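Thanks for sharing this one. Here are a few friendly notes to read alongside the coordinates.

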Amino acid sequence: MKSLVLNFILIILLQTYMFSQSNKIVKVEIISDWDGTSDEFNLGVKFSISPGWYIYWRNPGDAGLAPEIKFETLSNLKIGDIKFPLPEKIVHGDIVSYGYYREVVLLIPVRIISKEKLKNQNVVKAKINWLVCSESCVPENATIEYKINKASPNDIALMERYKKRIPKKFELSGLEVKDFKVEKKGNSNLIKVRFAGRNVERLVDFYPDIVDGFLIDYKSVKVKNGNIELTAMGVNPADVMNLLSGVIVLNNEGYELKLNLTKIK
Amino acid sequence: MNATQIFGILILAFAFSLFSSGDKKVEVGSVVPDFALNDLNGKVVKLSDFKGKIVVLEWTNPNCPFVQRVYKEKIMPGVQSEFTQKGIVWLTINSTNPKHRDYLEPKELKRIYSEWGAVYTAYLLDPDGKVGKMFDAKTTPHMFIIDKDGKLVYNGAIDDDPRGEKKEKVNYVRNALNEILNGKPISISITKPYGCSVKYAE
């Protein structure tokens, strides 16, 4: 009788969970690429997004909000920072956002501290919240538990696909920064960066990061003939921008750029 | 028509062309050009009606979850009530274009904001987005403060809590208004606004 009641409660809980997931615009699940033996692997938070809707990149741009993933701390695992695959640039008139349509897997590097402990404590719990927009926006959230087991070939293949879309180191881009300058135009900073190298013709866009103390005018970003140009305004209008950070896009691949603008080139 | 009148017309035409081109935006430190919009009752309200007063502009859209939160948590009505009582003019502006699914008729807007306890001097409609674009209003909410001399002195967010999870928030608008009322310079005049995009016609 006791087990019957327990089963009944479990069914109700499962149905409530399924109903709450099915009503959402975005469905989330946790996957991994753990091979069952390595000390390091990635957890993936997979967002399946209803057609026409999108969620945001680490820098949402002019509007919106980046997804947030908070793991319950586990003593047997060390969980790293979220890695965001290369997003799409989403432009509505003068408003520029960066995000993902249809599907994305955000990757979280994990290191196993104690394999012994993992045998008894192998469930991770994550609280995830995100903003999903089409014409309008809806905030959604979920709390998900995931049991760490050897990953299925399908999950490993999916993780691999998104790992390839994580922006790589700038040094691998085949580009070098030839020169740059920062000009003050009223309250604004006009930043110009010139690249050289074998892949300079492939440079098609730049997705800036948020830079503390400055507001980047995302619609001002222009990329042409190996040059990037953009304007940014200081929170203190007199400030001169000293750092440019973001992802340069070469065809469909991203490379991390971090440029100290105070260094004389 | 004499030479002075012709000169005046030319100056007005030049000023209009500057702000209708869509390129020139109002920046912090610059004088805000006059604008006129209809309120929820169809009455024309001009910025110049409030000459010599401190004016707050609040971009809004009741279907945006960020706007809903700042009203339901009484963040926006709290500041509105506190400062309209001190003689500050509060203009709430909705630039949602009529073809967008977030667009609501004035009667419905009046009902929603009344239920939310909004305390504005006027609720203005900017369906073609001209005034929103003049200020480069990007999000809802997006806040601007104009001082007694007609200069833009604040452009940015209502507070420092886009996720709505901080217990102690810095309310930039409250701080800036208190500084102005106490005759102090504004310590933070530009911040990154957060929220939904303004639903301009594309």
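The numbered points below go from overall confidence to the sheets, the contact between the chains, and two local spots.

1. **Confidence.** Please keep in mind that this is a predicted model. Chain A has a mean pLDDT of 90, with 91% of its residues at 70 or more. One stretch deserves your caution: residues 8-20 of chain A have pLDDT below 50, and apart from near neighbours in sequence they make zero contacts in the model.

2. **Chain A overall.** Three helices and 18 strands make up the secondary structure of chain A. Along the principal axes, its C-alpha atoms occupy a box of roughly 75 × 40 × 35 Å. Chain A has 265 residues, and 32% of them count as buried. If you look at contacts in chain A between residues at least 6 apart in sequence, 66% of them link residues at least 24 apart.

3. **A four-stranded sheet in chain A.** In which order do the four strands of the open sheet in chain A lie? The order is 12-13-16-15, and the pairing is antiparallel. Strand 12 (176-185) and strand 15 (214-224) of chain A are the edge strands, each pairing on one side only. On average, and ignoring direction, neighbouring strands of this sheet are turned by 15° against each other. Inside the sheet, strand 13 (residues 188-196) and strand 16 (residues 227-234) of chain A run antiparallel and are joined by seven bridges. A handy place to check this register is R194(A), which stands opposite N227(A) in strand 16.

4. **A seven-stranded sheet in chain B.** Chain B has an open sheet of seven strands with mixed pairing, in the order 2-1-5-4-3-7-8. Why is one side of strand 2 and of strand 8 in chain B left without a neighbour in the sheet? Strand 2 (44-46) and strand 8 (152-156) stand at the edges and each has a single partner strand, so one side of each has no neighbour there. Here the average turn between neighbouring strands is 30°, direction ignored. Strand 3 (residues 55-59) and strand 7 (residues 142-146) of chain B run antiparallel, with five bridges between them. Among the residues involved, W59(B) has H142(B) in strand 7 as its bridge partner.

5. **Where the chains meet.** On the chain B side, 23 residues are in contact with 19 residues of chain A. Those chain B residues comprise eight nonpolar, seven polar and eight charged.

6. **Helix 2 of chain B.** Which residues of helix 2 (residues 65-72) of chain B are buried? They are P65(B), F66(B), V67(B), V70(B) and Y71(B). These buried residues pack against elements of both chains: strand 10 (137-147) of chain A, along with helix 3 (75-84), strand 6 (139-140) and strand 9 (196-197) of chain B. After the helix comes K74(B), with a positive phi near 65°.

7. **G29(B).** This glycine sits in the loop between helix 1 (3-20) and strand 1 (36-39) of chain B. Is G29(B) buried or exposed? G29(B) counts as exposed, because it has 12 C-beta neighbours inside 10 Å. Leaving out residues up to four places away in sequence, G29(B) touches N187(A) and P237(A) in chain A, plus K151(B) and L152(B) in chain B. G29(B) and S189(B) are 160 residues apart in sequence, yet their C-alpha atoms are 9.4 Å apart in space.

Definitions and conventions
Residues numbered from 1 in each chain as written. Chains lettered and ligands numbered in written order. Predicted model: local features only at pLDDT ≥ 70, side-chain atom pairs only at ≥ 80, totals over all residues. Pairing = 2+ DSSP bridges. Helix = DSSP H or I, 4+ residues; strand = E, 2+ residues; numbered from the N terminus. Axes fitted to C-alpha atoms, helices over the stretch in contact; angles between N-to-C directions. Contact = placed C-beta atoms within 7 Å. Nonpolar A, V, L, I, M, F, W, Y, C, P; charged D, E, K, R; others polar. Buried ≥ 20, exposed ≤ 12 C-beta atoms within 10 Å, placed from the backbone. pLDDT = per-residue confidence, 0-100.
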